[in-house]
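Let's take a walk through this protein together. Have the fold open in your viewer and follow along.

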Amino acid sequence: MTLLLKRSEVGKLLDLRQAMQVLEQTFREQSDGKVKQVAPLRFMNRGMRMVIGGLEGQDKNGLRVSVTGGDGLALLFEISSGKLLALMGYPFSNLRISATVGLAIDRFTDPRAKTIAMIGSGRLALPVLEPAIAVRQIERVVVYSRNADNREAFARKASEKLKVDIMPVTSAEQAIDRADFVLVSTNSPTAALLGKWLRPGVSVFGVGRPNEFDDDVYLRADLICVTSKIHELGYYDTKLDQPLVRLSQQGTIAWSSVVEFCEVVSRRVVVSEKSTSRIVFRDSQGGYGDLALAAWAYEEARSRGLGQEISTE
């Protein structure tokens with residue numbers, strides 16, 4: 001039998017801290033070679049998105065599919081039997097991003113950090129700011145986005161929700177000037193962050209398009225870290241400039257020097273001198289992380305007697 005789970009049933013099962021614990025374990029499994037990675041796919045002029053992943057250590061694999069403006073749906077399978085374990089309304093897309101960014105901020109920033117610069121005030125701005133507030137004692141956030149009305153509205157909304165001082169400014173450079181680290185989440189067609197703005201000790205966390213950092217961001221970095229090299233190389237929009245991949249193909253940056261985040265989580269790569277290093281982190285988008293959250297929610301739902309068992313025969 002297959003367990004049918006509604007979004008309303010599973011959405012309450014995971015919070016940020018629990019999601020961070022789940023993904024931390026998943027990154028450890030990735031470091032041990034127990035995670036299968038497939039770059040996210042887009043279809044029908046980018047109107048449909050599918051992410052796929054395998055969790056061999058948990059004997060589970062599956063996919064998450066969504067359409068623009070609609071809700072996501074996850075299918076979870078048992079690898080050994082091929083059985084469809086669950087058909088689940090999937091509400092964790094933003095939570096996956098939040099948990100990933102929270103883990104990265106916790107490992108790459110100075111614990112004394114007090115000020116954040118934000119570039120972008122759109123759909124993913126709050127999901128990347130919330131984990132920063134959760135893992136650091138932040139006193140001030142400075143936000144810039146191209147649309148003045150959007151950044152001012154975001155500052156009011158986020159300040160009220162997160163109980164922190166958030167100030168909108170008129171340029172990205174002004175936002176970064178006194179920041180301890182930078183959060184970037186844009187859909188800008190051109191680079192939203194320039195390397196020349198980054199002083200030593202300022203780390204950067206990006207969750208948007210691969211072109212939101214210019215070449216100089218990577219060339220000035222002391223450490224470049226991504227969640228998945230496979231996802232970076234397989235980005236669906238082949239017409240979009242991808243500075244990191246391009247620089248590696250040109251031989252300017254050695255691809256072998258780019259670190260996967262799982263190696264940091266497993267401590268196979270040790271990060272030192274956080275207060276003086278420029279660290280560039282990119283979330284390479286979903287896949288195995290989404291499946292990890294779905295798998296945890298499935299097991300938790302079963303233990304609580306949630307959902308409805310159905311037959312697909």
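What volume does the largest pocket have? About 1,300 Å³, in a model that, please keep in mind, is predicted. To find this pocket, look for R42, R123, L124, T186 and N187, which lie nearest its centre among the 47 residues that line it. Three elements give two or more residues to this lining: the strands β3 (48-55) and β4 (60-67), together with helix α3. The largest share comes from α3, with four residues.

From the pocket, turn to the sheet. Here eight strands pair in parallel to make an open sheet, and reading across you meet β9, β8, β7, β10, β11, β14, β12 and β13 in that order. The edges are β9 (165-168) and β13 (259-260), each of which pairs on one side only. Helix α4 (residues 125-135) packs on this sheet and touches β7 (115-119), β8 (140-144), β9 and β10 (181-184). The direction of α4 makes about 170° with that of β7. For a look at the pairing itself, try β12 (residues 223-226) and β14 (residues 279-282), which run in the parallel sense and are joined by four bridges. I224 has V280 of β14 as its bridge partner.

Now for the interior. In soluble globular proteins, nonpolar side chains tend to be buried together. In this model the largest nonpolar core has 70 residues, and F108, I116, M118, L129, F181, L183 and F261 have the most contacts inside it. Helix α11 (residues 288-304) gives this core its largest share, nine residues. L183 is a good residue to click on: leaving aside residues up to four places away in sequence, L183 touches I105, I116, A117, M118, I119, V128, L129, A132 and F205. Another core, of 28 residues, lies apart from the largest one, and its members include V169, I176, V182 and V280. You have already met V280, as the bridge partner of I224.

Finally, what about enclosed space? Searching the whole structure turns up two cavities of 30 Å³ or more, and the largest holds about 60 Å³ of space. The lining of this largest cavity includes L23, F27, R96 and T100, as well as T227, D283 and the run Q285, G286, G287, Y288 and G289. Helices α2 (16-31), α3 (93-108) and α11 each supply at least two residues of that lining. Helix α3 therefore deserves a second look in your viewer, as an element named in the lining of the largest pocket too.

Key. Residues are numbered from 1 along each chain as its sequence is written. This is a predicted model: local features need pLDDT of at least 70, side-chain atom pairs count only at pLDDT 80 or more; totals for chains, interfaces and linings use all residues. Side-chain values use heavy atoms; hydrogens and water are left out. Two strands pair if DSSP finds at least two bridges between them. Contact means heavy atoms within 4.5 Å. Axes are lines fitted to C-alpha atoms, for helices over the stretch in contact, and angles run from 0 to 180 degrees between N-to-C directions. A nonpolar core is a set of buried Ala, Val, Leu, Ile, Met, Phe, Trp, Tyr and Cys residues joined through side-chain atoms within 4.5 Å. Buried means under 20% relative accessible area, exposed over 50%, partly exposed in between (1.4 Å probe, protein chains only). On a 1 Å grid over the protein atoms alone, a cavity is a set of points where a 1.4 Å probe fits but cannot get out, and a pocket is an open set with protein on both sides within 12 Å along at least five of seven lines; lining residues have an atom within 4 Å of a point. Grid points are joined across faces, edges and corners, and a volume is the space filled by probe spheres set on the points.
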